Amino acid sequence: HRSGTLAALRQGVLIRGVSRRVQMLQPCPHGVGGEALLAKYNANRLRVLTEVSFSDAQRGRLDLVLTVNGIPTATVELKLEQNQSVEAAIQQYKDDRNVGRLSNSLILSPLEGACVHFAVSDAQVFSCGWLRGAESHFLPFNLGKDFGAGNPVKLDGYATDYLWNQVWSPDSWIELCMYTIKVN
């Protein structure tokens, strides 16, 4: 099954009174298609929203929501290892962002909401494609350190800055949304 979010991005949306689907995302034309496709690609709008309310029933907020052309594609819970570990962010998703108890939380819904949910600290990253309360399965999204788990220690930044600088860079994120992110 594809989520509603992915279908909207990849296939466009149907609007009453319009004879064809309205395209919601233009992938990089990679030099094919000329100036018109490049102009559409450059018109894509990627935003990072902070402190987003996820439910009328609960007062909690998501630290970040990544959107593409207004469509939420990822949610993020942030932690600093000196205060709370990445496991605290994972537990927060499992306990406080339990979709089964939040009937009005579209942003966390597996079919209509964000495609992926990230638990991020300054040391590690984990991701989950489908929130299922206590049964949510978060996988490591780290680079690896000395042929093992985790991320290399950095003296001039955070060990997880690859997420911000590479994975979430506009060109990379558009490609991921178009071609690789799938709901499991």
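This is a dialogue on how to read a few features of a predicted model.

Reader: Where do I start, and how many helices and strands does the protein chain have?

Author: Start with the secondary structure, bearing in mind that the model is predicted. The protein chain has five helices and six strands. Read from the N terminus, their order is α-α-β-β-β-α-β-β-β-α-α.

Reader: What share of the residues is buried?

Author: Of the 184 residues in the protein chain, 44% count as buried. The accessible surface is about 10400 Å², and carbon and sulfur atoms account for 54% of that surface.

Reader: How do I read contacts between residues that are apart in sequence?

Author: Take the contacts between residues at least 6 apart in sequence, and ask what part of them joins residues at least 24 apart. In this chain that part is 51%.

Reader: How should I look at a helix such as α3, and which of its residues are buried?

Author: An α-helix has 3.6 residues a turn, so residues three or four places apart point the same way. In α3, the buried residues are Val86, Ala89, Ile90, Gln92, Tyr93 and Lys94. The buried residues of this helix pack against four strands: β2 (61-68), β3, β4 (116-121) and β5.

Reader: What does Ala119 in strand β4 touch?

Author: Ala119 is in β4 and counts as buried because its relative accessibility is 0%, where the cut-off is under 20%. Leaving aside neighbours within four places in sequence, its contacts include Val86, Ala89, Ile90 and Tyr93. Also among them are Glu77 and Phe138. Ala119 and Phe141 are 22 residues apart in sequence, and their C-alpha atoms are 9.4 Å apart.

Reader: Is Val48 buried or exposed?

Author: Val48, in strand β1 (residues 46-53), is exposed because its relative accessible area is 52% and the cut-off for exposed is over 50%. Not counting residues up to four places away in sequence, Val48 touches Leu64, Val65 and Leu66. From Val48 to Leu66 the C-alpha distance is 4.7 Å, with their positions 18 residues apart in sequence.

Reader: How do I read charged residues?

Author: Side chains of opposite charge can pair when their charged atoms come close. A search of the whole structure finds two salt bridges. One of them is between Glu77 and Arg97, with the closest N and O atoms 3.0 Å apart. Glu77 is in strand β3 and Arg97 is in the loop between α3 and β4, so this pair ties together parts that are 20 residues apart in sequence. Glu77 is buried at 0% relative accessibility, and Arg97 is buried at 3% relative accessible area.

Reader: Which residues form a salt bridge with closest N and O atoms 2.9 Å apart?

Author: Lys154 and Asp161 form that salt bridge. Lys154 is partly exposed, with a relative accessible area of 33%, whereas Asp161 is buried, with 16%.

Reader: What is the nearest side chain of opposite charge to Lys79, and how far away is it?

Author: The nearest one is Glu77, 4.6 Å away, and the buried Lys79 has no salt bridge. The cut-off for a salt bridge is 4 Å, so a distance of 4.6 Å does not qualify. Lys79 is in strand β3 (residues 71-79). The side chains of Lys79 and Gln84 are joined by a polar contact of 3.4 Å. Leaving aside neighbours within four places in sequence, Lys79 also has contacts that include Ala88, Gln92, Val120 and Asp122.

Reader: How do I read aromatic rings, and how many aromatic pairs are there?

Author: Look at the distance between the ring centres and the angle between the planes. A search of the whole structure finds five aromatic pairs. The rings of Tyr93 and Phe138 have centres 5.5 Å apart and planes at 35 degrees, so this pair is tilted. Tyr93 is in helix α3 (residues 86-96) and Phe138 is in the loop between β5 (125-128) and β6 (139-140), so the pair links distant parts of the chain, 45 residues apart. Both Tyr93 and Phe138 are buried.

Reader: What kind of pair do Trp164 and Trp168 form?

Author: Trp164 and Trp168 form an edge-to-face pair, with 4.9 Å between the centres and 90 degrees between the planes. Trp164 is partly exposed, with a relative accessible area of 38%, but Trp168 counts as buried at 10% relative accessibility. Ring pairs also link these two with Phe118, Phe141 and Trp173 into a cluster.

Methods: Residues are numbered from 1 along each chain as its sequence is written. This is a predicted model: local features need pLDDT of at least 70, side-chain atom pairs count only at pLDDT 80 or more; totals for chains, interfaces and linings use all residues. Side-chain values use heavy atoms; hydrogens and water are left out. Helices (H or I, at least four residues) and strands (E, at least two) are DSSP runs, numbered from the N terminus. Buried means under 20% relative accessible area, exposed over 50%, partly exposed in between (1.4 Å probe, protein chains only). Contact means heavy atoms within 4.5 Å. Accessible areas come from the Shrake-Rupley method with a 1.4 Å probe; for residues, only the protein chains shown count as cover. Lys and Arg count as positive and Asp and Glu as negative; His and the chain ends are not counted. A polar contact is a pair of N or O atoms within 3.5 Å; within protein, one must be able to donate a hydrogen and the other to accept it, and residues adjacent in sequence count only if both atoms are side-chain atoms. Rings of Phe, Tyr and Trp (its six-membered ring) pair if their centres lie within 6.5 Å; planes under 30 degrees apart count as stacked, over 60 as edge-to-face and the rest as tilted.
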